[in-house]
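This report describes selected local features of one protein chain. The sequence and the structure are shown first.

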Amino acid sequence: MSTDDLPSHLQLAPGPWASLLEGLCARFPAITRAQWLDRFARGRVQALDGSALDPGQPWQAGREIRYFREVAQEPVVPFEADILYRDAHLLVADKPHFLPVMPAGRHVRQTLLARLVACTGNPALVPLHRIDRGTAGLVLFSCNPESRASYQRLFAERKIEKHYEALAPALPDCVFPVQRHSRLERGEPFHVMREGIGAPNALSRIDVIERGREIWRYALEPVSGRKHQLRVHMAALGAPILGDDCYPRLLQRAPDDFSTPLQLLARRLAFIDPLNGEPRQFTSPRRLG
């Protein structure tokens, strides 16, 4: 059993449940009642101050609690991240393919956040943004809660330039650069996205860096930051990114299958540092293909 030393937070939603145990069983049906009782007994369900909660305590809508996720036989991701920059406020990591940024699903300790906390000894690390598990490249982390909001505003106000590279089939009939402006919404199953009808909410700029015979190297710039945006837009243009197991169709991959990485790289980030007004630029040295 793998356990996560970084707690997950949950705000209790309105519902008919009389106790914390009943509500958590309903909220997480994949976790058995016996498993929840075991977590309560080991103090793995807590109030925000770290004090252990009792399974019979009332379910109070709006209350925030924290708990520690646990998974059996967590697959090891055999690739390492690099720290490209670190100061008192900011850490820039270069993430490999297949490593999630945050705990999710079957990944608890095999995440970029958990590895960086262990490496730096700083439990206050928080990612300022996320990239897909399958995507490699740059991720910014806040090291200091006091300056965190200043960096978070860069993303909220779109004051940070994000440049990606991808390998995908050639599009000889397209005139570049291309702007793909569409509405992205949740698809089926729940973890994939699709283009829908309605006001556009996602904009990507796409250009060509290098033309091969069948595969081209593309420069991608997500102006907005929707989930799977670049992957959906490239597939919609008729050039799904190599190694994509979600678009244009969902493919099954074994948890320990690392043979076909998604050929998408978060190559460069650029912004004006909100603390000192200096320009910052970071570039991943990774190479696709």
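The sections below take up salt bridges, strand pairing, backbone geometry and one serine in a loop.

## Basis of the report

The model is predicted. The values below are therefore to be read as features of a predicted model.

## Salt bridge between Asp-94 and Arg-286

Side chains of opposite charge can pair when their charged atoms come close. The structure holds 17 salt bridges. One of the 17 salt bridges joins Asp-94 to Arg-286, and the closest N and O atoms of this pair are 3.2 Å apart. Asp-94 belongs to strand β7, which covers residues 90-95, whereas Arg-286 is in the segment that comes after β16 (279-283). The two residues are 192 residues apart in sequence, so the salt bridge ties together distant parts of the numbering.

The two partners fall into separate accessibility classes. Asp-94 has a relative accessibility of 0% and counts as buried. Arg-286 has a relative accessible area of 22% and is partly exposed. The cut-off that applies to both is 20%, since buried means under 20% relative accessible area.

## A network around Arg-231

Arg-231 takes part in a salt bridge with Asp-132, with 3.0 Å between the closest N and O atoms. Asp-132 sits in the loop between β8 (126-127) and β9 (136-142), and Arg-231 sits in helix α5, residues 229-236. This pair links distant parts of the chain, 99 residues apart. Asp-132 counts as partly exposed at 22% relative accessibility, while Arg-231 counts as buried at 6%.

Arg-231 also forms a salt bridge with Asp-244, where the closest N and O atoms are 2.8 Å apart. Asp-244 is placed in the loop between α5 and β15 (264-272), so this bridge ties helix α5 to a part of the chain 13 residues away in sequence. Asp-244 is buried, with a relative accessibility of 8%. Through shared partners, salt bridges join Asp-132, Arg-231, Asp-244, Asp-245 and Arg-253 into one network.

## Strand pairing at β4

Strand β4 (residues 64-67) pairs with strand β2 (residues 8-11) in the antiparallel sense, over four bridges. Within this pairing, Ser-8 has Tyr-67 of β4 as its bridge partner.

Strand β4 also pairs with strand β3 (residues 45-47), again in the antiparallel sense, over three bridges. Here the bridge partner of Gln-46 is Arg-66 in β4. Strand β4 thus has antiparallel pairings with β2 and with β3.

## Cis peptide bonds and positive phi

Most residues other than glycine have a negative phi, and most peptide bonds are trans. Several places in the chain depart from this pattern.

The peptide bond from Phe-176 to Pro-177 is cis, its omega being near 0°. Pro-177 is located in the loop between β10 (160-169) and β11 (178-186). The bond from Glu-188 to Pro-189 is cis as well, with omega near 0°. Pro-189 is located in the loop between β11 and β12 (193-196).

## Phe-98 and Arg-158

Phe-98 is not a glycine, yet its phi is positive, at about 80°. Phe-98 lies in the loop between β7 and α3 (112-120). The relative accessibility of Phe-98 is 4%, so this residue counts as buried.

Arg-158, also a residue other than glycine, has a positive phi near 55°. Arg-158 lies in the loop between α4 (148-156) and β10. With a relative accessibility of 56%, Arg-158 counts as exposed. Of these two residues with positive phi, then, Phe-98 is buried and Arg-158 is exposed.

## Ser-147 in its loop

Ser-147 is found in the loop between β9 and α4. Its relative accessibility is 4%, so Ser-147 counts as buried. When neighbours within four places in sequence are left aside, Ser-147 is in contact with His-89 and Leu-275.

How far apart in space are Ser-147 and Ser-284? The separation is 24 Å, taken from C-alpha to C-alpha. In sequence, Ser-147 and Ser-284 are 137 residues apart.

Note on methods
Residues are numbered from 1 along each chain as its sequence is written. This is a predicted model: local features need pLDDT of at least 70, side-chain atom pairs count only at pLDDT 80 or more; totals for chains, interfaces and linings use all residues. Side-chain values use heavy atoms; hydrogens and water are left out. A salt bridge is a side-chain nitrogen of Lys or Arg within 4 Å of a carboxyl oxygen of Asp or Glu. Buried means under 20% relative accessible area, exposed over 50%, partly exposed in between (1.4 Å probe, protein chains only). Two strands pair if DSSP finds at least two bridges between them. Contact means heavy atoms within 4.5 Å.
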